[in-house]
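Work through the exercises below with the sequence and the structure side by side. Each task is followed by a solution in steps.

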Amino acid sequence: MNDKHDYIRAANEIIVSLGLPRTQQNERSALCLLALLNLTPGKAWSEAEDPLMGITPIMDWVRERYGKEYAPNTRETIRRQTMHQFCDAGIVRYNPDQPDRPVNSPHAVYQIEPVALGLLRTFGTDEWNGNLSSYLAERETLVARYAREREQNRVPVTITPNTEITLSPGEHSELLRAIIDHFIPRFAPGSLLIYVGDTGDKWSYFDIDLLTELGIEVDSHGKMPDVIIYYKEKDWLLLIEAVTSHGPVDGKRHDELANLFAASKAGLVYVTAFPNRATMGRYLVQIAWETEVWVADAPSHLIHFNGLRFLGPYKDGSE
C-alpha cells in the first residue's frame with residue numbers, strides 16, 4: 001500500500017471500526033491518526049510509531065507527508081473536533097509526558113495510547129478482527145482508567161463547606177485557588193462567590209441567580225473576569241483577573257469590565273491577582289489606576305493604584 005488515498009481510507013476505516021461518532025469519520029481525523037502513528041506512505045501498519053505531537057506539528061506533518069494544507073485558524077477545529085474525541089475514546093492520551101501541564105500550554109502534546117497502538121499494528125492482518133473484538137471489549141475499562149488519571153491531576157477548590165469544584169491543572173488554577181482560599185477571607189470576608197472561570201471550562205462555577213439579583217445579565221460571549229465575588233457587607237462586586245502569563249486589569253480591560261457590568265447595583269472593584277512579585281513586575285506599567293493588586297506570595301498585602309480610597313468602588317473616576 002503506497003497510495004496516500006489508500007492510507008487515508010484505511011485510517012478512516014479504523015476510526016469507524018473503533019466506533020467513533022460520524023463527525024469524526026472524515027479525512028481530517030484520518031490524517032490526524034496517521035500523523036500520531038507517523039505512518040507515511042510506503043510504511044506497513046506494523047511499523048506504526050507513537051511520537052508525542054502537538055496540534056501544529058500534526059498539521060505540519062499532514063502537509064509535508066500527505067499534501068493537505070490546513071489554515072492556521074483550523075487548529076481549534078482539529079483540537080476540539082478530532083483530538084478531543086480521540087482522547088475521550090481512549091485511543092489517544094493527552095500530555096502523557098506531563099499530565100499536569102496546563103490545558104492552554106503551547107507545549108501540549110498527544111500520543112497514541114499503547115494498547116491502541118498494539119491493535120493498529122495488526123491492521124490488515126489475519127489477527128485484526130480478533131484483536132479488534134478483544135480491544136473493544138476492554139476499551140471501557142481503559143477509558144475509565146484514563147479519566148480517573150486526568151481527574152487526579154485537576155486542582156480541587158473548595159467553594160463552600162459542602163461544595164468543591166476541580167479546575168484544569170496548571171499555575172493559573174493554583175492562583176484561582178489562592179484567591180479563594182487567601183484573598184477573599186482577608187479582604188472580603190463573608191463574600192459570596194459568583195463565578196470562577198477555568199482555562200479548560202470557561203463557566204466552571206457560576207451562580208447566575210445571584211448575578212441576576214444584582215441587576216446583571218452577562219452575554220455568554222462577553223469576556224468574563226476570572227473570579228467574581230459579591231462582598232455583601234459593603235455591597236461591592238469584586239472583579240478579579242488572575243494573571244500568570246497575560247491579562248492584567250489595564251485601561252482597556254477596565255473599560256471592558258465597566259461596560260460588561262454597567263448595570264450592577266453593587267459598586268464595582270477591580271483587582272488583578274498575581275502568583276508572585278516577579279510576575280507582577282512584568283505588568284506594572286500596564287495596570288490601570290484606581291484598581292487593586294494582590295500577590296499570592298504576600299497574601300496579607302494589597303497594593304492600591306492611586307485614587308481617593310483604598311479598596312472600594314469608583315464612579316466616573318471619582319467618589
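Contact means heavy atoms within 4.5 Å. Angles run from 0 to 180 degrees between N-to-C directions. The model used here is predicted.

**Exercise 1. Describe the chain as a whole.**

Step 1. Start with the elements: the chain has 10 helices and 11 strands.

Step 2. Turn to burial. A residue is buried when its relative accessible area is under 20%. Of the 319 residues in the chain, 47% are buried.

Step 3. Take the contacts with a separation of 6 or more. Residues 24 or more positions apart account for 55% of these contacts.

**Exercise 2. Describe the open sheet and the helix that lies across its strands.**

Step 1. Write down the strand order. The open sheet consists of 7 strands in the order β6-β5-β7-β8-β9-β10-β11, and its pairing is mixed.

Step 2. Find the edges. Strands β6 (205-206) and β11 (302-304) each pair on one side only, which makes them the edge strands.

Step 3. Look at one pair inside the order. Strand β8 (residues 236-242) runs parallel to strand β9 (residues 267-274), and 7 bridges link the two. Within this pairing, I240 has V271 in β9 as its bridge partner.

Step 4. Add the helix. Helix α7 (residues 171-187) lies across β5 (192-196), β7 (227-231), β8, β9, β10 (292-295) and β11. Its direction is at about 150 degrees to that of β8.

**Exercise 3. Classify the packing of α2 with α3, and of α3 with α4.**

Step 1. Recall what is needed. Two packed helices are described by the angle between their axes and the distance between the axes. Angles of 65 to 115 degrees count as roughly perpendicular.

Step 2. Take the first pair. Helix α2 (residues 27-36) packs against helix α3 (residues 55-66) at an angle of about 95 degrees, and the axes are 9 Å apart. The two helices are therefore roughly perpendicular.

Step 3. List the residues that meet. From α2 these are L31, C32, L34, A35 and L36, and from α3 they are I58, W61, V62 and Y66. Sorted by type, the residues of this contact are 9 nonpolar, no polar and no charged.

Step 4. Take the second pair. The axes of α3 and α4 cross at roughly 95 degrees and come within 10 Å. This pair, too, is roughly perpendicular.

Step 5. List the residues again. I55, T56, I58 and M59 in α3 are in contact with R75, I78, R79 and M83 in α4. The contact of α3 with α4 holds 5 nonpolar, 1 polar and 2 charged residues.

**Exercise 4. For three salt bridges, state where the partners lie and how accessible they are.**

Step 1. Begin with the principle. Side chains of opposite charge can pair when their charged atoms come close. The structure holds 13 salt bridges.

Step 2. Examine D6 and R9. Their side chains form a salt bridge with an N to O distance of 2.3 Å. The two residues are 3 apart in helix α1 (residues 4-17), so about one helical turn separates them. D6 is partly exposed at 28% relative accessibility, whereas R9 is exposed at 52%.

Step 3. Examine K68 and E27. The closest N and O atoms of this salt bridge are 3.6 Å apart. K68 is in the loop between α3 and α4 (75-88) while E27 is in helix α2, so the pair ties together parts that are 41 residues apart in sequence. K68 is partly exposed at 30%, and E27 is partly exposed at 37%.

Step 4. Examine R79 and E76. In this salt bridge the closest N and O atoms are 2.6 Å apart. Both residues are in helix α4, 3 residues apart, so about one helical turn lies between them. R79 is partly exposed at 31%, and E76 is partly exposed at 33%.

Step 5. Look for shared partners. D60, R63, E64 and R65 are joined into one network by salt bridges that share partners.

**Exercise 5. Is N95 buried or exposed, and where is E290 found?**

Step 1. N95 lies in the loop between β1 (92-94) and β2 (110-112). Its phi is positive, near 50 degrees, and N95 is not a glycine.

Step 2. The relative accessibility of N95 is 1%, so N95 counts as buried.

Step 3. E290 is in the loop between α10 (277-281) and β10. E290 is not a glycine either, and its phi is positive at about 60 degrees. At 21% relative accessibility, E290 is partly exposed.

Technical notes:
Residues are numbered from 1 along each chain as its sequence is written. This is a predicted model: local features need pLDDT of at least 70, side-chain atom pairs count only at pLDDT 80 or more; totals for chains, interfaces and linings use all residues. Side-chain values use heavy atoms; hydrogens and water are left out. Helices (H or I, at least four residues) and strands (E, at least two) are DSSP runs, numbered from the N terminus. Angles under 35 degrees count as roughly parallel, over 145 as roughly antiparallel, 65 to 115 as roughly perpendicular and the rest as oblique. Ala, Val, Leu, Ile, Met, Phe, Trp, Tyr, Cys and Pro count as nonpolar, Asp, Glu, Lys and Arg as charged, and the others, Gly among them, as polar. Two strands pair if DSSP finds at least two bridges between them. A salt bridge is a side-chain nitrogen of Lys or Arg within 4 Å of a carboxyl oxygen of Asp or Glu. Buried means under 20% relative accessible area, exposed over 50%, partly exposed in between (1.4 Å probe, protein chains only).
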